[in-house]
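Visitor: I am new to this structure and should like to know how its descriptions are justified. Would you show it to me and take me through the terms?

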Amino acid sequence: MKPDRRQFIQNAAGGLGALSIGSWLDTATKQSLLGEIRNTLLANPGPEDEDFWALIRQAYTVSPQIINLNNGGVSPQPAVVQDAMVRFYHQANEGPSYYMWQVLDQGREPLRRRLAELAGCDPEEVAMNRNASEALETAIYGIDLDKGDEVVLSKQDYPNMINAWKQREQREGIVLKWVNHQLPTEDSDLLVKGYTDLFTSRTRVVHITHIINWNGQVLPARAIADQARKKNILVVIDGAHSFAHLDYSVPDLGGDYFGTSLHKWLSAPFGSGFLWVKKERIAETWPLFASQEPRSEDIRKFEALGTRSFPIEHAVGEAIDFQLLIGNRRKQKRLWYLKNYWTSQVQDLPGVSIGTPVSSDWSGAIALLQIEGKEPSEISQALWKDHKIHTVAIVWENIKGVRITPHVYTSLRDLDLLVKAIRQIAST
Ligand SMILES: Cc1ncc(COP(=O)(O)O)c(C=O)c1O
């Protein structure tokens, strides 16, 4: 979805309509904050418009005690999303089987449509679930494979997904072929070749992580998928870090399956996600939790979870409103701007390097800080102990460093403090 300004304002207004049942309007403060955000939007704010982003920050409940730069792990939610979840929770408790199964459940189909709109796909291709692991493991375990069939994946993929494929290897004798990326790189051909060199006549599936979580590298998912398609290889895309972070529509990535969490970049409640399955693949894919008709063409067969958290699921709608209020493209630009803001100030310091591509085609908010002679844990501990900056040390395969991830609520002041801290740590 690439809204121009007019479209964007319409979307924001649509969001307001949906919000009128609740949370934004329940206090004068929230109402005036929303009004201010809307007013500021009239000037079409860009990534450097601090007045606008300061208002967005106010919409979150940011801790004044710490600087949270591990938004790559999980994202906080704006107050409206938190409020919605609590509201639905209280409502559910007034009579769980009535409110959950008869009232809130009615909201699932409208929510599916809204999520599909955000993802740029058909609602009949969207199954709502709890996170990227569940979504992707549904795909991984749902594809029929015979002993000896090959799957191409990378050593830099996410551990849960690697483990799922390895379990199939152990249990069923499929064969895993591993790409070992040398990151960072902005060489598309090299990245694509890493996968295509491993394609053989036995290759059935390629597994692609759209944004590598360890260092924020964007992979050319579409280009890899295009090559896979020529050989009838199924494409599974892990979009845990790219959804609501980069501006794209899910079918445009060229995959057959796509899974993401919504508690990362969409700022939806913890424990929300979705699986997208291309229409023509639904019938042939087995659900992870058995359904009455496992070979059905109905995407809902992937939602047979049993009792789930309706409050979490339904508050996703508020997170979608908030995303639309900012706009996908505007958000992507700001996230990259924040990353570039701090990396550009430290990358030339002696001993400091950034293990993430520079350009906005190949990166978003996530970047990996490396300081010669210092272990990642040493750096992240120093950032925490002396500056109360929360980050995460990364040591995975050939990737080592401290992952630093701002979000839309991160202020430049926070990043100035980060830069000062890095200067200090690098000089000792
Ligand atoms: C690339 C990638 N895939 C999948 C996941 C799994 O996400 P979740 O724990 O929400 O299932 C993560 C989590 O960080 C991730 O970074």
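**The ligand and its surroundings**

Guide: A polar side-chain atom of Ser133 lies 2.6 Å from an oxygen atom of the ligand. This is a predicted model, in which local features need pLDDT of at least 70 and side-chain atom pairs count only at pLDDT 80 or more, while totals for chains, interfaces and linings use all residues. Residues are numbered from 1 along each chain as its sequence is written, and side-chain values use heavy atoms, with hydrogens and water left out.

Visitor: Why is the pair formed by Ser133 and the ligand called a polar contact?

Guide: A polar contact is a pair of N or O atoms within 3.5 Å; within protein, one must be able to donate a hydrogen and the other to accept it, and residues adjacent in sequence count only if both atoms are side-chain atoms. The distance for Ser133 is 2.6 Å, so the pair qualifies. An N or O atom in the side chain of His263 is 2.7 Å from an oxygen atom of the ligand, and for Lys264 the value is 2.7 Å.

Visitor: How much of the ligand does the protein cover?

Guide: The protein covers 89% of the 390 Å² of accessible area (Shrake-Rupley method, 1.4 Å probe) that the ligand has on its own.

**The two domains**

Visitor: Where do the domains lie in the sequence?

Guide: The domain assignment, which is automatic or from a database, gives domain 1 (104-318) and domain 2 (330-426).

Visitor: What makes residues of domain 1 and domain 2 part of the contact?

Guide: Contact means heavy atoms within 4.5 Å. The contact takes 32 residues from domain 1 and 26 residues from domain 2.

Visitor: How many salt bridges does the rule find across the interface of domain 1 and domain 2?

Guide: The rule requires a side-chain nitrogen of Lys or Arg within 4 Å of a carboxyl oxygen of Asp or Glu. Across this interface it finds zero salt bridges, whereas 14 residue pairs between domain 1 and domain 2 are in polar contact, both residues being at pLDDT 80 or more.
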